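This report is meant for a reader who has not seen this structure before. It goes through a pair of strands, a cavity and two single residues.

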Amino acid sequence: MMIVRIWHGRVPHEKAASYRDFLSERAIPDYRGVPGNLGVFVLERPAADAVHFVTLTYWTSLDAIRAFAGEDVLKAKYYPEDQDFLLEFEPEVAHYTVADAAVDVDRLANLIQGRE
């Protein structure tokens with residue numbers, strides 16, 4: 001079984017690049033350092049009101065998520081630095097069980113890293 005944990009946040013346009021850097025330097029290594037984390041995607045979408053960020057984190061089990069997020073696995077985890085960026089703090093995340101998948105891992109990695 002694989003579980004996807006989905007979080008959403010909004011930042012002002014002028015802080016989007018700095019927040020992206022923060023996620024890359026602080027949040028992603030934190031996720032990846034937890035046994036049972038299989039990967040992280042950070043999605044970004046500019047809108048009129050703000051830039052929306054979504055993190056998709058992939059986990060082997062709820063126990064692995066618990067090791068990252070604490071006992072209440074649905075409670076969103078925030079870092080002290082988030083107060084410098086986020087417009088609000090959504091209290092909960094969503095979890096989905098992966099029912100099926102088809103992935104070209106090498107091509108996906110190349111696209112993400114800008115090699116294609």
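## Asn 37 and its surroundings

Apart from neighbours within four places in sequence, Asn 37 is in contact with Tyr 31, Arg 32, Thr 57, Tyr 58 and Trp 59. The model is a predicted one. Asn 37 belongs to strand S2, which covers residues 37–46. Is Asn 37 buried or exposed? Asn 37 counts as buried because its relative accessible area is 8%, and the limit for buried is under 20%. The side chain of Asn 37 also reaches the backbone nitrogen of Gly 39, at 3.1 Å.

Strand S2 pairs with strand S3 in the antiparallel sense, over 9 bridges. The two strands, S2 and S3, form a hairpin, and 4 residues lie between them. Phe 41 has Leu 56, in S3, as its bridge partner.

## The cavity

How many cavities of 30 Å³ or more does the count give? The count comes to 1 cavity of that volume or more. The volume of the largest cavity is about 130 Å³. Its lining is made up of 15 residues, and those closest to the centre are Trp 7, Tyr 31, Thr 55, Lys 77 and Tyr 79. Strand S1 (3–11), helix H1 (16–32) and strand S3 (51–59) are the elements that each give two or more residues to this lining. H1 supplies the largest share, with 5 residues. By residue class, the lining of the largest cavity divides into 10 nonpolar, 2 polar and 3 charged residues.

Tyr 31 thus appears twice: among the residues closest to the cavity centre and among the contacts of Asn 37.

## Pro 91

Pro 91 sits in the loop between helix H2 (62–69) and strand S4 (94–97). Pro 91 is classed as exposed because its relative accessible area is 62%, and exposed means over 50%. Beyond its neighbours within four places in sequence, Pro 91 is in contact with Leu 74, Lys 75 and Ala 76. Between Pro 91 and Lys 77 the C-alpha to C-alpha distance is 8.6 Å, while the two are 14 residues apart in sequence. Lys 77 is also one of the residues closest to the centre of the largest cavity.

The table sets out the accessibility of the two residues described here.

| Residue | Relative accessible area | Class |
|---|---|---|
| Asn 37 | 8% | buried |
| Pro 91 | 62% | exposed |

Definitions and conventions
Residues are numbered from 1 along each chain as its sequence is written. This is a predicted model: local features need pLDDT of at least 70, side-chain atom pairs count only at pLDDT 80 or more; totals for chains, interfaces and linings use all residues. Side-chain values use heavy atoms; hydrogens and water are left out. On a 1 Å grid over the protein atoms alone, a cavity is a set of points where a 1.4 Å probe fits but cannot get out, and a pocket is an open set with protein on both sides within 12 Å along at least five of seven lines; lining residues have an atom within 4 Å of a point. Grid points are joined across faces, edges and corners, and a volume is the space filled by probe spheres set on the points. Ala, Val, Leu, Ile, Met, Phe, Trp, Tyr, Cys and Pro count as nonpolar, Asp, Glu, Lys and Arg as charged, and the others, Gly among them, as polar. Buried means under 20% relative accessible area, exposed over 50%, partly exposed in between (1.4 Å probe, protein chains only). Contact means heavy atoms within 4.5 Å. A polar contact is a pair of N or O atoms within 3.5 Å; within protein, one must be able to donate a hydrogen and the other to accept it, and residues adjacent in sequence count only if both atoms are side-chain atoms. Two strands pair if DSSP finds at least two bridges between them.
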